[in-house]
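Let's take a walk through this structure together, one helix at a time. Have the sequence open beside the model as you read.

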Amino acid sequence: MAFMKKYLLPILGIFLAYYYYSAKEEFRPEMLRGKRVIVTGASKGIGREMAYHLARMGAHVVVTARSEEALKKVVSHCLELGASSAHYVAGTMENMTFAEQFVAKAGKLMGGLDMLILNHITNTNNPMTVFIDDIDHVRKSMEVNFLSYVVLSGAAMPMLKQSNGSIVVVSSIAGKTANPLIAAYSASKFALDGFFSSIRVEYAVTNVNVSITLCILGLIDTETAMTGTAGIYNAEASPKEECALEIIKGGALRQKEVYYDSSVLTPFLLGNPGRKIMEFLSLRNYNMEIFINN
């Protein structure tokens, strides 16, 4: 015990201080000037705010969502704000063929791709309820909130490899901790962490210069979230405008994770350096030739 107090705890403290407070590159809006960016789920809420921020920074933007009328308004405002170009493609991410074709069309519209921001979620009329046997809701949540993200990123990879680009995955605290009443949603967000964190390691080992940023969000004051949680979940909601900007900053700086929540404790409690150490150490158990040959 004396040894732990004298040596191990100070070392752990130094490690944590370095992990959380080490100097990082400063974000500059001009980092996005002329960049070619896709934003999904961009007809309202966080996605719409990201499109507007990107437009102010002079990016090329292609947005998608289900509502064509809403997307027309978003594109029009993006051009007013100074976007280098702005286009929309309406469709549903329940259709995996559309998801794949959308990326190809967006790439042609912009002449390539530098950043893919995955932000959409499935539409549901009753997002917070005790799970009993609604398998269809679970299946739909996994397809739209997770599988379509995999399809979109897979379709975008050839262009992102050419540009040394970035994938930005919008997730949730519900994808890091257990949350009642949103079991299907939570499962889809946990899946995002498992999949994209795993391929981030694969990219690092195989020297693929495409960054993956996982964004872990708390409650945000979007209309959808406020309506869905009213009278059920009482927590301070953070502003969607600032949230959208933090997501863009994290992607531009190629950060592995971005935490945005009303509580300053969230990144400390969920950042989990222990997991990162275990992931690093586990690589010793792999036959590296498997990665080299692929």
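What follows is a tour of a predicted model, with a helix as the starting point.

Start at α8, which covers residues 240–252. This helix has 13 residues and reaches 18 Å from its first C-alpha to its last, close to the 18 Å expected at 1.5 Å a residue. Which of its residues are buried? They are Lys 240, Cys 243, Ala 244, Ile 247, Ile 248, Gly 250 and Gly 251. Look down the axis of α8 and you'll find these buried residues within an arc of 160 degrees, so they line one face of the helix. That kind of spacing makes sense in general, because an α-helix has 3.6 residues a turn and residues three or four places apart point the same way. The cover over the buried residues of α8 includes α2 (45–56) along with the strands β4, β5, β6 and β7.

Now zoom in on Ile 247. Setting aside its neighbours within four places in sequence, Ile 247 is in contact with Ile 46, Met 50, Val 168, Val 170, Cys 215 and Leu 217. Ile 247 is also among the residues with the most contacts inside the largest nonpolar core, a set of 37 residues; others on that list include Leu 32, Met 50 and Leu 217. The largest share of this core, six residues, comes from α2. There's a second, separate core too, with 35 residues, including Phe 98, Leu 192, Phe 196 and Leu 214. As a rule, nonpolar side chains in soluble globular proteins tend to be buried together.

Step off the end of α8 and you meet Arg 254, in the loop between α8 and β7. Its phi is near 60 degrees, a positive value in a residue other than glycine. Most residues other than glycine have a negative phi. Is Arg 254 buried or partly exposed? At 32% relative accessibility, Arg 254 counts as partly exposed.

Arg 254 also leads us to strand β5, where Ser 166 lies. Ser 166 is buried, with a relative accessible area of 4%. Its contacts beyond four places in sequence include Arg 254, Gly 251, Asp 114 and Leu 160. In the loop between α5 and β5 sits Asn 164, another residue with a positive phi, near 50 degrees. Asn 164 is partly exposed, at 38% relative accessibility.

That brings us to α5 itself (residues 135–163), which packs against α4 (residues 96–110) at an angle of about 35 degrees, with their axes 9 Å apart. The crossing is right-handed. Residues making the contact include Phe 102 and Val 103 of α4, and Leu 147 and Val 151 of α5.

Note on methods
Residues numbered from 1 in each chain as written. Predicted model: local features only at pLDDT ≥ 70, side-chain atom pairs only at ≥ 80, totals over all residues. Heavy atoms only, no water. Helix = DSSP H or I, 4+ residues; strand = E, 2+ residues; numbered from the N terminus. Expected span 1.5 Å × (residues − 1). Buried < 20%, exposed > 50% of the residue type's maximum accessible area, 1.4 Å probe, protein only. Arc of directions from axis to C-beta. Contact = heavy atoms within 4.5 Å. Core = buried A, V, L, I, M, F, W, Y, C linked by side-chain atoms within 4.5 Å. Axes fitted to C-alpha atoms, helices over the stretch in contact; angles between N-to-C directions. Left-handed = near helix turned anticlockwise from the far one by under 90°.
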